[in-house]
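Got a moment to go through a model with me? I'd like to hear the reasoning behind the labels, one at a time.

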Amino acid sequence: MWAAACFDMAIFEIKDLSFKYPSSEERYALSHIDLSIEKGEYITVCGRSGCGKTTLLRHLKSVLTPHGKRTGDILFNGVDISKVSLYDQSSKIGFVQQNPDSQIVTDKVWHELAFGLESLGLDQRTMRLRVAEMASYFGIQSWFSKSVTELSGGQKQLLNLASIMAMQPEVLILDEPASQLDPIAASDFLNTVRKINLELGTTVIITEHRLEDILHASDRVVVMENGSILAAGSPKSIGMELKEKDSDMFCAMPSPVQVFYAAGGKGDCPLTVREGRNFLSEEFKDEEPKVSSVDSGEEYDPDVKDPVLEVKEIWFRYEKDLPDVLKGLSFKLRKGEIFSIVGGNGTGKSTSLKCISTALAPYRGKIFIKGKDIRKYTSEELFSGILAMLPQDPQCLFVKKTVRDDLLEMLPRKAQDKEDRIREVSKVCEIEDLLSSHPYDLSGGEQQRAALAKILLTDPEILLLDEPTKGMDAFFKLKFASVLKKLKERGVSIVMVSHDVEFCARYSDSVSMFFDGAIVTTNTPNRFFTKNSFYTTAANRMSRHVFANAVTNEDVIELYMKNKEGKGDADGR
């Protein structure tokens, strides 16, 4: 009887949980959360940046619980989490964080795999077996003896996951684990998480803004808003519920969901690209679309006259004896252009931005800004209204105890309109209610917005963005896009490195593929993404068998509507 009762018990029982950070006088990060998570479930937690997702997850493991005022109860296997020993929490509750580097603690891959087991005090024989098993299961054998510094972002995150799974946890908690991975690495990583859930029965609780790869795999989806649970249910029901509630979170739903409801679809909502393809195939099974392509605009012109930025045959390596990271990189940037660069982890994209920002110095080649060799600028000249960079890790920009103080630091001491400037940029970046918070108390998306605000205060002519949408929710991406549009209208030129192909497809003027240390091709977003198999959008993959060049959700919806106009009565719609 006891065994049966234990098996039926929820692995986590959250009862009336509320939490407030010390720096927040009124705002609750969590408000009256009630949630039960069964053993073996796959739970996706989603919501706008700052809605409380990360805060909630960190309450599920005592050593990660943030400092502040908490009320309510959290039970793990029926026991109050505060009474579960740190040993049991370490072995039974695995936690994978956003940044792969923040969790790695040793120098070698094999040592990282063994580190957690050593901490648990397991004997050598058991450790060797588990390390060998995890290395085999996760395909780590070929880089088992490598230094962790040699690994790509995807490999580091896979190593984090393998190191945790070596301890055989009952529950695996993942906080936006794919936010810094390229689309292919992200898909592979999230498929591995699903495999662990299905084959090992490990309970999975995951937050992720990129829902394309995880919504269909979920048993339940929990949508949070302002620290509370807005909706909870099956993946197929959650899209309809958000649509009916006219929630901002509907725009975060996968492309098949958005297209289905915009097209007035009936019956089961498609969740995956395959199901979306089947939906469109069924809709057009009796007729060929009369309008099969959208206007793709003007051809890309590689001849850039008077570029505001020119990168000319630059080569770079981190150490004399290491391989080159940049290998003859060249490109030109037009004034008022959004130039996006996509490609795999470890190909040199971020390194190229660091070279342009003078954080790194190429050993060959030249960089010109407004026709002048970048080496002839003083730092004060260059970074006072000409060039600014938003790095991949926004935390490196924060040096003060509050967001307001960090923003004030960017303004001249004698500036008369400091408060007006801060008020203006805070409104643009939606951080008005975060000004009194410590930057490190913010969620990943909130930190990104605060860092963006700090950069915008410099009024740059050229803006370098390294993974700017990382951690941003779908709703703020729309706001961010409007910010970029306003900057373009002011003549600001933008170079953006991003894994967010959906964002690049929708808002870029030109897109380049980065491979093996250089740019291999550049084209307009429509032409670029139409030709690709993997580095393309979900909308393109689900519709390319019906429509010739639909790249965004809006493209698919537009073509669908044009072909179905006047057929509502005949089709019973």
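What follows is a short back-and-forth on this predicted model.

Q: What makes Phe12 count as buried?
A: Buried means under 20% relative accessible area. Phenylalanine 12 comes in at 0%, so it counts as buried.

Q: And why is Phe76 called buried?
A: The cut-off is under 20%, and phenylalanine 76 has 3% relative accessibility, so it counts as buried too.

Q: Why is the pair of Phe12 and Phe76 called tilted?
A: Ring centres within 6.5 Å make a pair, and a plane angle that is neither under 30 degrees nor over 60 makes it tilted. Here the centres are 5.2 Å apart and the planes are at 45°, so the pair is tilted by that rule. As for where the rings sit, phenylalanine 12 is in strand β1 and phenylalanine 76 in strand β4, 64 residues apart.

Q: What makes the pair of Phe284 and Tyr560 edge-to-face?
A: Edge-to-face takes planes over 60 degrees apart. The planes of phenylalanine 284 and tyrosine 560 are at 85°, with the centres 6.0 Å apart, so edge-to-face it is. This pair links distant parts of the chain: phenylalanine 284 is in the loop between α10 and β11, while tyrosine 560 is in helix α20, 276 residues apart. Both rings belong to one aromatic cluster, along with Phe250, Phe260, Tyr261, Phe279 and Phe547.

Q: How do you know that Phe284 and Tyr560 are buried or exposed?
A: Set them against the limit of under 20%. Phenylalanine 284 has 9% relative accessibility, so it counts as buried. Tyrosine 560 has 2%, so it counts as buried as well.

Q: What puts the charged end of Lys564 over the ring of Phe284?
A: The distance part of the rule asks for NZ within 6 Å of the ring centre. For lysine 564 and phenylalanine 284 that distance is 4.7 Å. Arginine 449 lies over the face of phenylalanine 476 too, at 4.9 Å from the ring centre.

Q: Why is α6 described as largely enclosed?
A: Twelve of its 13 residues are buried, so the rest of the structure largely encloses α6. The cover over those buried residues includes β6, α4, α5, β7 and α7.

Q: Which residues have the most contacts inside the largest nonpolar core?
A: Phe138, Leu161 and Phe189, in a core of 72 residues. Apart from that core lies another, of 45 residues, with Phe476 and Leu484 among them. Phenylalanine 138 touches residues including Leu158, Leu161 and Met165, and these three are also among the buried residues of α6.

How values were computed: Residues numbered from 1 in each chain as written. Predicted model: local features only at pLDDT ≥ 70, side-chain atom pairs only at ≥ 80, totals over all residues. Heavy atoms only, no water. Core = buried A, V, L, I, M, F, W, Y, C linked by side-chain atoms within 4.5 Å. Buried < 20%, exposed > 50% of the residue type's maximum accessible area, 1.4 Å probe, protein only. Contact = heavy atoms within 4.5 Å. Helix = DSSP H or I, 4+ residues; strand = E, 2+ residues; numbered from the N terminus. Lys NZ or Arg CZ within 6 Å of the ring centre and 35° of its normal. Lists of a residue's contacts leave out its neighbours within four places in sequence.
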